[in-house]
Amino acid sequence: STADAAGGGSGSAPRALSFCLLGDGETSGSKLMRRVHKEIGALLAVKQGKADRLNIHPFSEWPEGAPVTWEAVEATVEEQELSNLVPHLSIIRAYEDEAAERVEAFLAAAVDGGVSELEAHVLLTTAHQAKGLEFDHVQVGADFCPLFKFKGGAHHGDPWLFDFTEWGDDLHLLFVAVTRAKRLVGLPGVLASALEGLAALDDFVRQAGPAGPDE
């Protein structure tokens with residue numbers, strides 16, 4: 001989630017954004033980002049062929065010490081819909097060999113050089129930590145469940161019935177995230193795709209009209 005970003009006056013140099021990671025103790029944003037930094041380093045080593053094992057917590061998807069390939073990591077994250085690892089893979093794909101350095105630079109700016117919640121231009125928080133809070137502007141991250149997917153034919157062979165049972169927690173958190181904004185919310189592509197699909201389905205139902213007594 002983001003707060004307002006203050007800009008410089010006309011003709012002045014743009015001001016660097018300041019960050020604040022919300023959370024305390026084991027749920028603090030700084031602790032989370034340091035863990036993510038280590039995990040990205042371990043995953044990147046596998047992608048670069050420098051390692052064939054993931055020996056750091058919390059990669060419970062792969063037994064400790066078991067050989068693993070980058071292709072297997074990508075396939076497991078997609079097939080098991082491991083939303084907790086989607087950001088890791090996105091960062092590695094975006095920055096390749098510089099991924100760990102980019103995260104380290106972010107740590108320097110947002111953690112080591114972070115400011116208080118009241119002074120920050122940008123607040124970074126999880127949906128859990130944002131419960132009960134409101135912001136003028138919010139940008140929702142893309143590491144939620146793949147809402148554009150649904151299981152057709154799961155009930156009586158009806159392809160239009162959705163089954164989001166296994167993603168109930170993610171859906172609840174997504175609702176929390178998008179309702180934190182008072183003025184403007186930025187939606188990730190995955191949610192935009194879901195809304196477009198639902199809008200298309202709604203148009204189809206409206207055009208089809210009400211079902212007859214025998215339908």
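## Helix α2 and the turn after it

Right after α2, Glu 81 has a positive phi of about 50 degrees. This is a predicted model, so read that angle, like everything below, as computed. Helix α2 itself runs over residues 70–79, and its buried residues are Trp 70, Val 73, Thr 76 and Val 77. These residues sit on the same side of α2, because they cover an arc of only 125 degrees around the axis.

Flip to the other side of α2 and you meet Glu 71, Glu 78 and Glu 79, which are exposed. The buried residues of the helix, for their part, are covered by elements that include α1 (29–47) and α3.

## The largest nonpolar core

Val 73 turns up again in the largest nonpolar core, which has 27 residues. Along with Leu 43, Leu 54 and Trp 62, Val 73 touches the most other members. At least two residues of this core come from each of β1, α1, α2, α3 and α4. Helix α1 gives the largest share, with 7 residues. As a general point, nonpolar side chains in soluble globular proteins tend to be buried together.

What does Leu 54 touch, leaving aside its neighbours within four places in sequence? Its contacts are Ala 42, Leu 43, Val 46, Phe 59, Trp 62, Gly 65, Val 68 and Val 73. Among them are Leu 43, Trp 62 and Val 73, the residues listed with Leu 54 as touching the most other core members.

There is also a second, separate core, this one of 12 residues. Its members include Cys 20, Phe 135, Val 140 and Leu 174.

## Strand β1 and its partners

Leu 21 belongs to strand β1, which spans residues 19–21. Is Leu 21 buried or exposed? Its relative accessible area is 16%, under the 20% cut-off, so Leu 21 counts as buried. Not counting residues up to four places away in sequence, Leu 21 touches Gly 29, Ser 30, Met 33, Phe 106, Ala 110, Val 111 and Leu 124. If you trace the backbone instead, the C-alpha atoms of Leu 21 and Glu 117 are 8.0 Å apart, although 96 residues separate the two along the chain.

Phe 106, one of the contacts of Leu 21, also takes part in an aromatic pair. A search of the whole structure finds 1 such pair. The rings of Phe 19 and Phe 106 have centres 5.8 Å apart and planes at 70 degrees, so they pair edge-to-face. Phe 19 is in strand β1 and Phe 106 in helix α4, so the pair ties together parts that are 87 residues apart in sequence. Phe 106 is partly exposed, at 25% relative accessibility.

## Glu 96, between two helices

Where is Glu 96 placed? You'll find it in the loop between α3 (86–95) and α4 (99–112). Glu 96 is not a glycine, yet it has a positive phi of about 50 degrees. Its relative accessible area is 37%, which makes Glu 96 partly exposed.

Glu 96 also forms a salt bridge with Lys 47, where the closest N and O atoms are 3.1 Å apart. Lys 47 is in helix α1 and Glu 96 in the loop between α3 and α4, so this pair ties together parts that are 49 residues apart in sequence. Lys 47 is partly exposed too, with a relative accessible area of 30%.

## Other salt bridges

How many salt bridges are there? The count comes to 6, and the pair of Lys 47 and Glu 96 is one of those salt bridges. Another joins Glu 98 and Arg 102, with the closest N and O atoms 3.5 Å apart. Glu 98 is partly exposed, with a relative accessible area of 41%, and Arg 102 is partly exposed as well, at 42%.

Then there is the salt bridge where the side chains of Lys 182 and Asp 136 meet, at 3.8 Å from N to O. This pair links distant parts of the chain, 46 residues apart: Lys 182 is in strand β4 (residues 181–186) and Asp 136 in strand β3 (residues 135–139). With a relative accessible area of 52%, Lys 182 is exposed, whereas Asp 136 is partly exposed at 24%.

Conventions:
Residues numbered from 1 in each chain as written. Predicted model: local features only at pLDDT ≥ 70, side-chain atom pairs only at ≥ 80, totals over all residues. Heavy atoms only, no water. Helix = DSSP H or I, 4+ residues; strand = E, 2+ residues; numbered from the N terminus. Buried < 20%, exposed > 50% of the residue type's maximum accessible area, 1.4 Å probe, protein only. Contact = heavy atoms within 4.5 Å. Arc of directions from axis to C-beta. Phe/Tyr/Trp six-rings, centres within 6.5 Å; stacked < 30°, edge-to-face > 60°. Core = buried A, V, L, I, M, F, W, Y, C linked by side-chain atoms within 4.5 Å. Salt bridge = Lys/Arg side-chain N within 4 Å of Asp/Glu carboxyl O.
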